[in-house]
Amino acid sequence: MPKPYSVITEEIKDALKGKVGEERAREIKRLLKEIHWDVGDYKRLKDKLRRELAEIEKIEQARKASKSRTKTKKSTPQFCVVGAVNSGKSTLINNLAGTEIPVESYPFTTAEPQYGALEYDAINFQLVEIPAIYEGGWSGDKSTLGMIYSTDCLIIMGRSLEDFELVLKELAEQNIDLIGDRLSDGFIQTIPRKIPAFLVFDKDTTILPSSHLKKISSDEFEEIKQNMIKLTKPVRIYTMNSFNEIEEQPIVFYKDQITVKEVIQKVYRVTEESFKDAVLLEGGPNGRRKRVGITYELSDKDVIHLTFHK
Ligand SMILES: Nc1nc2c(ncn2[C@@H]2O[C@H](COP(=O)(O)OP(=O)(O)OP(=O)(O)O)[C@@H](O)[C@H]2O)c(=O)[nH]1
Ligand SMILES: [Mg+2]
């Protein structure tokens with residue numbers, strides 16, 4: 001007796017849960033062998049599995065062919081934390097990233113850059129503490145200046161108006177323009193250098209600089225993390241497989257105007273001609289469902305199911 005259709009569908013879902021890539025393909029092949037009946041509902045089910053298998057194989061082939069291109073540099077936005085001595089840079093990174101960078105009440109505790117990692121809202125951030133700035137300090141320290149120049153974003157810390165004035169002046173002297181969020185093209189290095197930044201102050205600070213940048217208190221960790229997202233403006237695209245399961249890790253872009261085409265190019269590395277169509281859940285799993293073409297412009301947290309010609 002064939003197993004009831006509903007039982008088989010559940011079994012398939014369980015068997016494939018969490019499996020991706022080659023492992024998923026192997027499991028599908030096994031399931032196809034196991035289901036002997038190839039008529040009616042069973043046939044439709046097997047066809048669906050066969051379609052998914054073909055899709056995975058195509059994607060895996062393409063992935064293997066271009067392994068070197070799979071690592072995209074900007075998957076981890078970097079934030080350098082800059083500030084005067086004792087402004088709380090190490091303390092902030094320890095609080096956000098769970099690191100144990102030494103914190104002391106005397107100045108210049110941190111003599112070398114210190115690193116921390118933070119995952120928030122599906123984005124991996126890197127935090128780097130830059131040793132305390134003092135007047136003219138960066139002019140004689142090209143390696144520190146180089147790190148600041150090449151970072152994606154800055155967190156500027158201070159516990160007094162003088163602290164902030166010092167850092168803002170040093171940054172201006174190095175020809176660095178501070179901006180409220182990333183440029184529409186991403187973290188590109190313009191001349192003069194423009195870097196997205198915000199200020200973090202100790203709650204006892206009485207006067208803050210009249211800067212156009214956002215200002216957040218150093219104990220508002222949630223707000224700081226949210227602002228890191230706001231500043232970097234990630235476009236997170238979730239892909240969905242044939243069983244309507246949404247992948248946990250999104251594909252992340254740091255650029256405005258991302259089209260379906262760019263997702264295909266970045267992730268699947270298949271040619272445009274093999275693209276069949278895309279079904280979109282607007283803004284998340286509960287969003288409006290619509291069928292879109294290759295030039296459709298995606299938004300943050302869209303869920304997308306792509307199909308390709310065999
Ligand atoms: N009042 C107050 N003190 C703080 C705050 N954050 C840190 N501190 C204290 O300030 C001192 C310096 O803190 P750190 O986190 O080491 O500061 P830092 O900017 O890394 O210092 P350096 O690496 O020496 O430049 C320590 O005694 C901390 O306990 C804060 O938000 N408010
Ligand atoms: Mg420190």
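A donor, when we talk about a metal, is an N, O or S atom within 2.8 Å of it. Keep that in mind as we walk through this model, which is predicted.

Let's begin with the magnesium ion, ligand 2. Its protein donors come from S90 (OG), T110 (OG1) and E129 (OE), and they lie 2.0 to 2.2 Å from the ion. Now look at how these residues are spread along the sequence: the spacing reads S-x19-T-x18-E. S90 belongs to helix 4, while E129 belongs to strand 3 (residues 123-129), and the two are 39 residues apart, so the pair links distant parts of the chain. Water is not among the atoms here, so a metal site like this one may look incomplete.

Next, turn to ligand 1. You'll find it sitting in the second largest pocket. Around it are 20 residues, and the closest are S90, T91, T109, R159 and D202. So what kinds of residues make up this shell? By class, there are six nonpolar, nine polar and five charged ones. Helix 4, which runs over residues 89-97, gives the most to the shell, with three residues.

Zoom in a bit further and you can pick out some polar contacts. S90 shows up again here: an N or O atom in its side chain is 2.8 Å from an oxygen atom of ligand 1. N86 uses its backbone instead, with a polar atom there 3.3 Å from an oxygen atom of the ligand. With D202, a polar side-chain atom lies 2.7 Å from a nitrogen atom of ligand 1. As for how wrapped up the ligand is, on its own it has 650 Å² of accessible area, and the protein covers 79% of that.

Note on methods: Residues numbered from 1 in each chain as written. Chains lettered and ligands numbered in written order. Predicted model: local features only at pLDDT ≥ 70, side-chain atom pairs only at ≥ 80, totals over all residues. Heavy atoms only, no water. Near = heavy atom within 4 Å. Polar contact = N/O pair within 3.5 Å; in protein donor to acceptor, adjacent residues only side chain to side chain. Areas by Shrake-Rupley, 256 points an atom, 1.4 Å probe, with all protein chains shown as cover. 1 Å grid on protein atoms, 1.4 Å probe; cavity = no way out; pocket = protein on both sides within 12 Å on 5 of 7 lines; lining within 4 Å. Sits in = over half its atoms within 2 Å of the grid points. Helix = DSSP H or I, 4+ residues; strand = E, 2+ residues; numbered from the N terminus. Nonpolar A, V, L, I, M, F, W, Y, C, P; charged D, E, K, R; others polar. Donors = N, O, S within 2.8 Å, 3.2 Å for Na, K, Ca; no water.
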